[in-house]
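Colleague: Could you take a close look at the packing in this model for me? I'd like the pieces joined into one picture, with the cut-offs spelled out as you go.

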Amino acid sequence: MADPLDTTFQALADPTRRAILTMLLEDDMAVTDVAEPFDMSLAAISKHLTILTRAGLIQQEKRGRVKWCKLDPDALKAASVWMQGFGQFEPVNLDAFERFLAAELPPDP
């Protein structure tokens with residue numbers, strides 16, 4: 001069985017799926033409404049939605065004849081906690097690092 005974090009990050013790796021999640025931040029949406037802004041088939045959007053559902057990032061439910069998607073509010077909690085673990089490190093100042101390397105390394109012959 002895949003690690004849940006792996007599944008989450010694989011789902012987030014695609015820009016279309018990230019855009020879908022952003023849309024669902026506003027409100028629940030019918031699948032056809034989710035598909036509307038994208039230049040791809042409904043089948044392609046359905047594949048993206050399946051991946052997001054399997055990752056636990058969204059939930060899909062049928063209301064009458066319409067399939068609706070909604071964001072799972074706790075879906076990114078584990079990924080967020082994992083990423084916060086890296087907050088203990090200071091951001092790297094690349095300009096200062098380049099100056100350090102220039103001072104420490106011998107010039108090219």
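Modeller: Happily! Read along the sequence, the pattern is α-α-β-α-α-β-β-α-α, which gives 6 helices and 3 strands (DSSP runs numbered from the N terminus: H or I of at least four residues for helices, E of at least two for strands). The model is predicted, so local features need pLDDT of at least 70 and side-chain atom pairs count only at pLDDT 80 or more, while totals for chains, interfaces and linings use all residues. Residues are numbered from 1 along each chain as its sequence is written, and side-chain values use heavy atoms, leaving out hydrogens and water.

Let's start with the sheet. The 3 strands form an open sheet in the order β1-β3-β2, with antiparallel pairing (strands pair if DSSP finds at least two bridges between them). β1 (29-30) and β2 (58-63) are at the edges with a single partner strand each, so each has one side without a neighbour in the sheet. Between β2 and β3 (residues 66-71), which run antiparallel, there are 6 bridges. Arg 63 has Val 66 as its bridge partner in β3, and Glu 61 stands opposite Trp 68 of β3. The β2-β3 hairpin has 2 residues between its strands, and Gly 64 takes a positive phi near 70° there.

Two helices lie across these strands. Helix α2 (residues 15-26) lies across β1, β2 and β3, at about 90° to β3, whereas α4 (residues 42-54) lies across β2 and β3, at about 115° to β2. Axes here are lines fitted to C-alpha atoms, for helices over the stretch in contact, with angles from 0 to 180 degrees between N-to-C directions. The axes of α2 and α4 come within 10 Å and cross at roughly 75°, which means α2 is roughly perpendicular to α4 (65 to 115 degrees; under 35 is roughly parallel, over 145 roughly antiparallel, the rest oblique). Thr 16, Arg 17, Ile 20 and Leu 21 of α2 meet Ile 45, His 48, Leu 49, Ile 51 and Leu 52 of α4 (contact: heavy atoms within 4.5 Å). These residues divide into 6 nonpolar, 2 polar and 1 charged (nonpolar: Ala, Val, Leu, Ile, Met, Phe, Trp, Tyr, Cys and Pro; charged: Asp, Glu, Lys and Arg; polar: the others, Gly among them).

Ile 20 and Leu 49 reappear in the largest nonpolar core: among its 18 residues, these two together with Leu 52 and Leu 57 touch the most other members (a core joins buried Ala, Val, Leu, Ile, Met, Phe, Trp, Tyr and Cys through side-chain atoms within 4.5 Å). α1 (4-12), α2, α3 (31-35) and α4 each give two or more residues to this core. Setting aside neighbours within four places in sequence, Ile 20 contacts Val 34, Phe 38, Ile 45, His 48, Leu 49 and Leu 52.

The second crossing joins α1 to α5 (residues 77-84), at about 95° with the axes 10 Å apart, so these helices too are roughly perpendicular. Leu 5, Thr 8 and Phe 9 of α1 face Ala 78, Ala 79, Trp 82 and Met 83 of α5, a set of 6 nonpolar, 1 polar and no charged residues. Thr 8 counts as buried because its relative accessibility is 6% (buried is under 20% relative accessible area, exposed over 50%, partly exposed in between; 1.4 Å probe, protein chains only). Not counting residues up to four places away in sequence, Thr 8 touches Ala 55, Leu 57, Leu 76 and Ala 79.

Stepping back, 23% of the 109 residues count as buried.
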